[in-house]
Amino acid sequence: MYLSKLKLWNFRKYGNGDHLNSITNETKPDLVVEFKPKLNVLIGENDSGKTAIIDAIKYVLNTKSLDYLRLEDKDFHEHVVYENGEIISRIRATSLRIECKFNDLQPSEAGSFLEWVGFDVENNYELTIWLSANRTKENRIIANIKAGADDAGIQLDGEARENLKVTYLKPLRDALSELTPGYKSRLAQILGGHDVFKTKATDSPEEKWKHELEIKAKNANDIIRDYFKIKKEGSNDGGIITEGVLNNLKALSFDGFNAEPAFEITDEELMDILKTLKLVNDSNKAGLGSLNKLYMAAEFLLLKQSKGRELQLALIEEIEAHLHPQAQLKVIDAIQNNKNLNKGQLIITTHSTTLTSKVKLDNLILCHGNNVYPMFNDGKHTKLDQGDYEFLERFLDATKANLFFAKGVIMVEGDAENILIPTIAEIIGRPLHNYGVSIVNVGSTAFMRYAKIFQRRDGKFLDIPVACITDLDVSLKRTKEGEIVPKKGNSIDYHSEMNSKQKKSIEAKHSKVKVFMSSLWTLEFDILNSESCTSELLYRSILEAKLIKSRDKKYLGLNEKDVDLRKKMASNQLLEMKKTLDIKQIAFRIFSKYFSGNDSISKAITAQRFVYHLLQENGEVNTILKTAPEFNYIREAIYHVTKQPEK
């Protein structure tokens, strides 16, 4: 059996104000989360609801580590009413409900829940368990946990609840404490649940129901007791200590005291023995990352051992805790592909882009706003097709996985835009980091593959603005008469029309994905067409990039003399070209010379130098970037993912 669906009503952030005080059979859930039988990874920015989902499951099913779980007032949804952008009231719900549905029950599992099990539409076993709670006028919280095939339900008994407990690893877990001996030792609970520590009969009549470890502990205690036993006077071993303790004890006790103290390693009951054990990697003190892996290894052992009537479900919050990126990759690879670990159902949360990039897209559940967006490859949830899933699994690396944790996304085709756009955003007053915006360099024109991540088939609207910045997909040439025209087709208008069709195919309905195209050809070509000083700044950057390329094998950077000389060269050469060529012809000559052919220079280095010069300038450049038409599509893209300018 596995947890197939979670439904929430009025739980924390998930509520809408329509049923704050009453939840009936017909009341629509505020959140429905579907899960896969094996691996499920909840991703999303802070406060996106990942922990709420994990906690909701814990409240219904409880944990094997016996965590203290009790509903609080703040677990009930608070509905905030706004008027003209200001809060006018806050109303906290008086009732909530959490429902867990289990499918794929085997006959033996169904038999364990015979009083509560029902059937789904395909006549397969189904188990539905729910927690309902109410806040009274006396500020008391009354909660009930029931299960059943109808909404009346039947109270779950102790054994049934015991079989539903989940393995839970808390965020920022203190693995050292969890693996350390003590009264509440988690390690003892893990070991106690293993088949190895089930009591078995022995051959000896007097030790018939003792576990082998209890017998070994008794033998060890006998050796220790013998060492500390009071022997004849003048003995030099531990007996002297016991005799000293005995004499002091007699002095502290009433007449007639005749007990004799003894030293032992441990009590001889099995659980007492297990509580004295600790788990270590080696004799040296291990770091937090190694301890975290050791702790997970022990927990997975218990999950693997769960069988028969017990639920095999583990909840792990922030699985990346204390692990460096390479260790994260190894852990998630083992969870996905190691059959010894992958024995039950896992629901994991993470903030790690490294880990997210390694998880198959089919196992991701994006939490955003007040909803969840499964990325399941079942043709029901996303607009991604099989080819898209395969493509994204090849190319969705850690840098691109940023898009899952962003409030807005800008997609670009190459390194130049990746370097330049954050600077432009800063200058026009929309620094991307202030708005939680990520730039994703797709490295090609494959925007559609990535854009489909934000487009849904399930009717959900993913409220994340996405801007795809692209060049006008047209190659130009210069005619004998000096005119700049497309290499193919009759006019640039024709190519603009073709690009508009591509743009419409990306900008699907019910999504905030928009495409922003350069007006002439490429970003560099557009800037070189400018009447402003930015064209000269870019040409300076091109000349500097050319010098850097020629020096690259010698690892020589630019010095002040180089920069001054390129500034003069750019100014003089542009003046000379303007005598015989118009602006578009000049732009074409520069672009063709430096960005095409075998001797082309790096657009990334050019962009890096251009950014440097933009930041050195002030006043005029700021005004140009905010108003010049050649930057219009860049500005509009930035406004789309941040905030529109006030009119």
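Me: Which residue in β18 does Val 409 stand opposite?
Reply: This is a predicted model, so keep that in mind throughout. Strands β16 (residues 408-412) and β18 (residues 466-470) run parallel and are joined by three bridges. Val 409 faces a residue of β18 there, and that partner is Val 466.

Me: In what order do the four strands of the open sheet come?
Reply: The pairing in this sheet is parallel. β17 (437-441) and β21 (513-517) each have a single partner strand, so they stand at the edges. Reading across, the order is β17-β16-β18-β21.

Me: How much are neighbouring strands of this sheet turned against each other on average?
Reply: The sheet has four strands in parallel pairing. With direction ignored, the average turn between neighbours is 20°.

Me: What angle does the direction of α13 make with that of β17?
Reply: α13 packs on the sheet and touches β16, β17 and β18. Its direction against that of β17 comes out at about 160°.

Me: And which strands does helix α22 touch?
Reply: Helix α22 covers residues 632-641 and packs on the sheet too. Its direction makes about 165° with that of β18. The strands in contact with α22 are β16, β17, β18 and β21.

Me: Is Thr 423 buried or exposed?
Reply: Thr 423 is found in helix α13 (residues 415-427). Leaving out residues up to four places away in sequence, Thr 423 touches Val 611 and Leu 615. Its relative accessibility is 9%, and the cut-off is under 20%, so Thr 423 counts as buried.

Me: How many of the 12 residues of α1 are buried?
Reply: Helix α1 (residues 50-61) reaches 17 Å from its first C-alpha to its last, close to the 16 Å expected. Its buried residues include Lys 50, Asp 55, Lys 58 and Tyr 59. The helix is mostly covered, and the count is 11.

Me: Which residue follows α1 with a positive phi?
Reply: Helix α1 spans residues 50-61. Right after α1 comes a residue with phi near 70°, and that is Asn 62.

Me: Over which ring does the charged end of Lys 58 sit?
Reply: Lys 58 is one of the buried residues of α1. Its charged end is 3.9 Å from the centre of a ring, which belongs to Tyr 168.

Me: Are the planes of Phe 11 and Tyr 59 stacked or edge-to-face?
Reply: Phe 11 is in the loop between β1 (2-9) and β2 (31-34), while Tyr 59 is in helix α1, 48 residues apart. Both are buried. Their ring centres are 6.1 Å apart with planes at 85°, and over 60 degrees is the cut-off, so the pair is edge-to-face.

Me: What kind of aromatic pair do Phe 228 and Phe 263 form?
Reply: Phe 228 is in helix α6 (residues 212-228), and Phe 263 is in the loop between α7 (239-252) and α8 (270-274). The centres are 4.2 Å apart and the planes make 35°, which makes the pair tilted.

Me: Which residue joins Phe 228 and Phe 263 in one aromatic cluster?
Reply: Phe 228 is buried, with a relative accessible area of 17%. Phe 263 is partly exposed, at 33%. The other member of their cluster is Tyr 227.

Conventions. Residues are numbered from 1 along each chain as its sequence is written. This is a predicted model: local features need pLDDT of at least 70, side-chain atom pairs count only at pLDDT 80 or more; totals for chains, interfaces and linings use all residues. Side-chain values use heavy atoms; hydrogens and water are left out. Helices (H or I, at least four residues) and strands (E, at least two) are DSSP runs, numbered from the N terminus. The expected span of a helix is 1.5 Å times one less than its number of residues. Buried means under 20% relative accessible area, exposed over 50%, partly exposed in between (1.4 Å probe, protein chains only). Contact means heavy atoms within 4.5 Å. Two strands pair if DSSP finds at least two bridges between them. Axes are lines fitted to C-alpha atoms, for helices over the stretch in contact, and angles run from 0 to 180 degrees between N-to-C directions. Rings of Phe, Tyr and Trp (its six-membered ring) pair if their centres lie within 6.5 Å; planes under 30 degrees apart count as stacked, over 60 as edge-to-face and the rest as tilted. A charge sits over a ring if NZ of Lys or CZ of Arg is within 6 Å of the ring centre and within 35 degrees of the ring normal.
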